[in-house]
Amino acid sequence: MGTSANTVAGGRGAAVPKDVDYAQYFCTYAFLYHQKEMLSDRVRMDAYFNAIFENKRHFAGKTVLDVGTGSGILAIWSAQAGARKVYAVEATKMSEHARALVKANNLQDVVEVIEGSMEEVTLPEKVDVIVSEWMGYFLLRESMFDSVIHARDRWLKQTGVMYPSHARMWMAPIKTGIGDHKLGDYESTMDDWHNFVDETKTYYGVDMTVLSVRELEEQSEKYINTSLWNNLHPNQVVGTAAIIKEIDCLTATQTDIEKVRSNFSLSITHENTKLCGFGGWFDVHFRGRSEDPTEQEIELTTAPSVDYGTHWGQQVFLLHPPMHLSEGDDLRVSFLMSRSKENHRLMEVELGCEIHQQSGKLLAPFKNKYYIE
Ligand SMILES: C[S@@+](CC[C@H](N)C(=O)[O-])C[C@H]1O[C@@H](n2cnc3c(N)ncnc32)[C@H](O)[C@@H]1O
């Protein structure tokens with residue numbers, strides 16, 4: 001998954017009511033172009049395809065629940081892998097396309113497409129497998145894993161397996177030129193604002209200067225403090241990467257994922273480099289459960305890659321201005337990601353950092369706030 005910023009953005013106002021959530025979040029999933037974007041992501045597709053078909057034992061003769069079936073692809077694969085019955089739940093009208101696709105592939109006796117919110121539908125039985133593609137940017141944006149937890153606790157048998165079974169969030173120091181562009185965009189937007197203030201005073205006799213502080217805050221939030229989507233080249237990663245969160249999909253609770261708090265160290269591995277920010281990404285694994293493991297463990301990673309980029313890319317958290325660092329310098333990072341109070345599908349990140357240089361010098365610590373929109 002991973003929808004573009006404006007499809008989920010709700011502004012920082014009141015909590016998002018159900019109908020607004022539908023309009024802002026779900027509506028894009030009702031469009032084929034958006035499903036196609038996900039269906040064209042070869043890394044994502046290959047991982048789920050291999051996870052299901054290389055582990056047919058988990059599916060043959062079993063009952064499966066596909067949480068958020070979209071076009072129906074994972075439900076169809078589950079049926080092709082031999083499932084006895086697949087419940088394919090989808091909140092949007094995409095369910096109609098999924099139903100058509102199931103029928104066109106002669107699987108209507110196995111796959112039952114149910115239109116409705118996972119939290120509200122009732123199934124006739126518990127299932128052996130839950131399959132779902134719930135991951136958003138930097139894993140948890142969109143908060144769809146909530147619906148998977150809900151489905152698991154209500155509908156998965158005691159012996160059931162989760163596909164995927166594990167997930168991890170990663171972070172690493174990076175160098176990038178996009179910070180300069182963003183700063184340039186920010187400066188030209190502010191120049192434009194000052195011209196606007198001058199002209200409004202000259203031509204219309206009203207002084208707007210009092211609004212400048214708010215405009216400055218608004219634009220800096222947009223250009224400087226909002227994380228950016230990017231497909232980083234591996235050589236832009238200038239230090240070690242750290243795992244900041246591990247999730248066992250079989251046991252994770254809502255509380256476990258509402259806030260992600262982590263303290264970790266990163267070492268710069270490049271000689272004479274620039275620290276321009278941090279890159280964040282995730283991976284998921286298909287391992288089954290410990291008593292009933294997959295025959296073939298499959299990994300889906302969204303790490304920086306030359307050949308295997310995904311539609312999730314990485315999230316970039318910029319540092320202004322960049323810092324000159326070198327091999328052996330040590331970054332001690334404190335990380336907190338929580339949900340935006342106004343829209344539980346968007347995230348806010350507080351990132352603090354102390355830098356201990358190889359020489360023994362301690363640089364002034366910083367703490368920045370970012371929005372994942
Ligand atoms: C990332 S897409 C994945 C679609 C499909 N499973 C695939 O892998 O191509 C997630 C889908 O889940 C649906 N969805 C999200 N939350 C849901 C919920 N609580 N109940 C039902 N459907 C949901 C969305 O509408 C969307 O179609």
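Let me start with helix α6, residues 94-104, whose buried residues are Met-94, Ser-95, Ala-98 and Val-102. Before going further, I should say that what we are looking at is a predicted model. Why do these residues lie on the same side of α6? They do so because, taken around the helix axis, they cover an arc of only 100°. As a reminder, an α-helix has 3.6 residues a turn, so residues three or four places apart point the same way. If we now turn to the other side of α6, we find Lys-103 and Ala-104, and these are exposed.

What, then, covers the buried residues of α6? The elements that do so include two helices, α3 at 32-39 and α5 at 73-80, together with two strands, β2 at 85-90 and β3 at 111-115. Following α6 in the chain comes Asn-106, and the phi of Asn-106 is positive, near 60°.

That brings me to the sheet to which β2 and β3 belong, which is an open sheet of five strands with parallel pairing, in the order β3-β2-β1-β4-β5. Its edges are formed by β3 and by β5, residues 156-163, and since each of them has a single partner strand, one side of each is left without a neighbour in the sheet. On average, and with direction ignored, neighbouring strands of this sheet are turned by 20° against each other. Looking at one pair in particular, β4, residues 127-132, is joined to β5 by four bridges in the parallel sense, and within that pair Ile-130 stands opposite Met-162 of β5. Coming back to the helix I began with, α6 packs on this sheet, where it touches β2 and β3, and the direction of α6 makes about 170° with that of β3.

Let me close with another sheet, an open one of four strands, in which the pairing is antiparallel and the order is β9-β13-β14-β15. Here the edge positions are taken by β9, residues 259-267, and β15, residues 362-372, and each has a single partner strand, so that one side of each is left without a neighbour in the sheet. For this sheet, the turn of neighbouring strands against each other is 15° on average, again with direction ignored. How many bridges join β9 to β13? There are nine, between strands that run antiparallel, with β13 spanning residues 330-339; as for a particular position, the bridge partner of Arg-261 is Leu-336 in β13.

Terms used
Residues numbered from 1 in each chain as written. Predicted model: local features only at pLDDT ≥ 70, side-chain atom pairs only at ≥ 80, totals over all residues. Heavy atoms only, no water. Buried < 20%, exposed > 50% of the residue type's maximum accessible area, 1.4 Å probe, protein only. Arc of directions from axis to C-beta. Contact = heavy atoms within 4.5 Å. Pairing = 2+ DSSP bridges. Axes fitted to C-alpha atoms, helices over the stretch in contact; angles between N-to-C directions.
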